Amino acid sequence: MRDLDRDALAGGISAVKRMVVGITGATGSVYGLRLLELLRDAGGWETHLVLSPAALLNIREELPDGKARLEALADVVHNVRNVGASIASGSFVCEGMVIAPCSMRTLGAVAHALSDNLITRAADVMLKERRRLVMITRETPLNLAHLRNMTACTEMGAVIFPPVPAFYSRPTSLAEVVDHSCMRVLDLFGLHAKSEKRWQGLSKEAANLVPALAQEEGN
């Protein structure tokens, strides 16, 4: 490689990490909001936000002044119909993407590589470039199509992340439940928040029960 090429590459390196956050029409828009807050507070992250039309409807029901709050937290806001946006190209360097929450419609579109809007196109880019794609899927119960689409996305490299509460942390508020899931999502991108809510192993009282339980099972 010529020195000029090395210099050109070095001049383009940035210490800022980029994250794409897509929010779709499933319930749970608070997960997208909290992720944007945590990334802003962490520093060194540039966030790119895309809201689907169904997300805008849902945000009106779930978050007071939600659209304004979300857009104020993001560094860049993209129109979901702009499939020519920067994040639609594999040449856009980023750490990955979180769809928070991810509707079953979006899951299905990603599973079949439809790229029919900017969220599903950006997700397709993450998969083809072998970057991290985390999908906070929100639906229950699940039908067979949902499960097959989850399998297809997993086989392509995505992480299916239903926001399952961790009751061992003994949450006392909905905010604590949301924070724990968001902390686990950011772990997947190497951003590890210090938290006393992480699993610390069995309590002393529970650990003392282990020998007795093992003996009972042996009998």
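Helices here are DSSP runs of H or I with at least four residues, strands are runs of E with at least two, and both are numbered from the N terminus. We're working with a predicted model, where local features need pLDDT of at least 70, side-chain atom pairs count only at pLDDT 80 or more, and totals for chains, interfaces and linings use all residues. Residues are numbered from 1 along each chain as its sequence is written, and side-chain values use heavy atoms, with hydrogens and water left out.

**Exercise 1.** Work out where the cis bonds from Ala100 to Pro101 and between Thr140 and Pro141 sit.

Solution.
- Some background: most peptide bonds are trans.
- Step 1: going from Ala100 to Pro101, omega is near 0°. Pro101 belongs to strand β4, residues 96–102.
- Step 2: for Thr140 and Pro141, omega is about -10°. Pro141 sits in the loop between β5 and α7.

**Exercise 2.** Place Asp65 and say whether it's buried or exposed.

Solution.
- Step 1: look in the loop between α3 (53–62) and α4 (66–73).
- Step 2: check the backbone; phi of Asp65 is near 55°, a positive value in a non-glycine residue.
- Step 3: apply the cut-offs: buried is under 20% relative accessible area, exposed over 50%, partly exposed in between (1.4 Å probe, protein chains only). Asp65 has 63%, so it counts as exposed.

**Exercise 3.** Do the same for Ala113.

Solution.
- Step 1: Ala113 is in the loop between α5 (104–111) and α6 (118–128).
- Step 2: its phi is also positive, near 55°.
- Step 3: Ala113 has a relative accessible area of 43%, so it's partly exposed.
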